[in-house]
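Reader: Please take me through one part of this model in close detail. Start from a single residue, then follow the packing and the backbone outward from there.

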Amino acid sequence: MSGRAVALATALVALATVPFWMPGIYYVNVSSQVLFYAIFALGLNILVGYAGLVSLGHAGLFGVTAYAVAYLHQSGWGHTEAIVAGLLIGMVATAAFAALALRATGIGFIMITLALGQILWGLAYRWISLTNGDNGINVRTRPAPFGYDLSEPTAFYYATLVIFLVCVVAVAIFAHSPFGAALRGTRDQPRRMNALGYHVWAIRFWSCLLSGLLTAIAGTLFVYYTQFISPQTTALTASAEVLLMVIAGGPATLLGPIVGAILVVVVKNVVSGFLERWNLLLGAIFVAIVILMPEGLVPGTARLWRAAARTLRRDATANGESPEPKP
């Protein structure tokens, strides 16, 4: 069995047994947060890593789905109907988001997504008749798919884990598909791709929809996890945190956003309980990553591992070829 297969099996066993070796329910809840924020980061990574389009408005799309699910459920809809309708509303919002933002690339794309995100935050904050303003919307209960009650933290964690694994497999298939290769081509050589007959705008648009779908799924899990949604969820800081997860872990990698989500969520929810200036620590870690591993934690660690392995092989070869000392 290869080392990669062993690492994958070990990770799956660790994830499946989290409720048994975590010290308490609080940490099981933190693990659930890691999973749905990792889904969120994977969705943003499709744009940032594979398409080369940095978005600062994805928290707005995250919040649109969360608000839709919460509002529809509060209005008397069942969980299944509210979730399906919320995902559809999230996809419609993503399509409009993409149609407006893809009018530009680079700094222009960043500024348009920032503006759209701020518009959605303003609507969540000011449209009190729909969003209830700062008071937010409460979700009274959690769904019970196939009779499996998700009200307990452990049950919710396992449901989130299943959805997380499905999303990871979907992103892995996407990354190794011809569409994923075409998207990377639009990132590296858009003019050449256009000359070869590829519709660059359409490829980017469909990648935005895939990113929005993962973001909507994460938003649905979030609103059922907290059982509450407020305008703060759609704020610029929320978009920046998820972007930090992607950049810190390593864009255009499958594992990078997951590692970044672990880093940010653990520092924000665990380290903050012991360190008052936890945001200063998070900033220092991010600066260290940018200086020492500008490609991100996962690619940077792999690079250092390969360099260490080459050094060891070179030393072993040099020792083996050295002449025997004369008596």
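Author: Start with Thr131. Its relative accessibility is 5%, so Thr131 counts as buried. The cut-off for that label is under 20% relative accessible area. The model is predicted. Thr131 belongs to helix 7, which covers residues 128-131. Its side chain has a polar partner: the backbone oxygen of Ala124, reached at 2.6 Å. Ala124 also appears among the contacts of Thr131. Set aside the neighbours within four places in sequence, and the contacts of Thr131 are Tyr67, Leu123, Ala124, Gly136 and Ile137.

Now step to Asn132. This residue sits in the loop between helix 7 and strand 1 (137-138). Its accessibility is 35%, so Asn132 counts as partly exposed, whereas Thr131 counts as buried. The backbone deserves a look here. Most residues other than glycine have a negative phi. The phi of Asn132 is positive, near 65°.

Go on past strand 1. The loop between strand 1 and helix 8 holds Phe146. Phe146 also has a positive phi, near 55°, and is not a glycine. Is Phe146 buried or exposed? Its relative accessible area is 90%, so Phe146 is exposed. The cut-off for exposed is over 50%.

Helix 8 comes next. Phe156 lies in this helix, which runs over residues 153-175. Phe156 is buried. Arg142 lies over the face of the Phe156 ring, 4.4 Å from the ring centre. Phe156 has an aromatic partner too. A pair of rings is described by the distance of the centres and the angle of the planes. For Phe156 and Tyr225 the centres are 6.0 Å apart and the planes differ by 40°, a tilted pair. Tyr225 is buried as well. What does this pair tie together? Tyr225 lies in helix 11 (residues 200-226) and Phe156 in helix 8, so the pair links parts that are 69 residues apart in sequence.

Widen the view to the other rings. The whole structure has 14 aromatic pairs. Phe156 and Tyr225 belong to one aromatic cluster, along with Phe36, Tyr37, Phe40, Phe62 and Phe222. Take Tyr37 from that cluster. Beyond its neighbours within four places in sequence, Tyr37 is in contact with Phe222, Met245, Ala261 and Val265. Phe222 is thus a contact of Tyr37 and a member of the cluster.

Tyr37 leads on to the nonpolar packing. The largest nonpolar core has 79 residues. Within that core, the residues that touch the most other members are Tyr37, Ile39, Phe164, Val223 and Ile229. Helix 3 (residues 25-51) gives the most to this core: 17 residues.

Last, the cysteines. How many disulfides does the structure hold? The count is 0. Cys167 and Cys208 show why. The closest cysteine sulfur to that of Cys167 is in Cys208, 17 Å away, too far for a bond. A disulfide needs sulfur atoms within 2.5 Å. Cys208 is in no disulfide, and its nearest cysteine sulfur is that of Cys167. Cys167 counts as buried, at 5% relative accessibility. Cys208 is buried too, with a relative accessible area of 5%.

Definitions and conventions:
Residues are numbered from 1 along each chain as its sequence is written. This is a predicted model: local features need pLDDT of at least 70, side-chain atom pairs count only at pLDDT 80 or more; totals for chains, interfaces and linings use all residues. Side-chain values use heavy atoms; hydrogens and water are left out. Helices (H or I, at least four residues) and strands (E, at least two) are DSSP runs, numbered from the N terminus. Buried means under 20% relative accessible area, exposed over 50%, partly exposed in between (1.4 Å probe, protein chains only). A polar contact is a pair of N or O atoms within 3.5 Å; within protein, one must be able to donate a hydrogen and the other to accept it, and residues adjacent in sequence count only if both atoms are side-chain atoms. Contact means heavy atoms within 4.5 Å. A nonpolar core is a set of buried Ala, Val, Leu, Ile, Met, Phe, Trp, Tyr and Cys residues joined through side-chain atoms within 4.5 Å. Rings of Phe, Tyr and Trp (its six-membered ring) pair if their centres lie within 6.5 Å; planes under 30 degrees apart count as stacked, over 60 as edge-to-face and the rest as tilted. A charge sits over a ring if NZ of Lys or CZ of Arg is within 6 Å of the ring centre and within 35 degrees of the ring normal.
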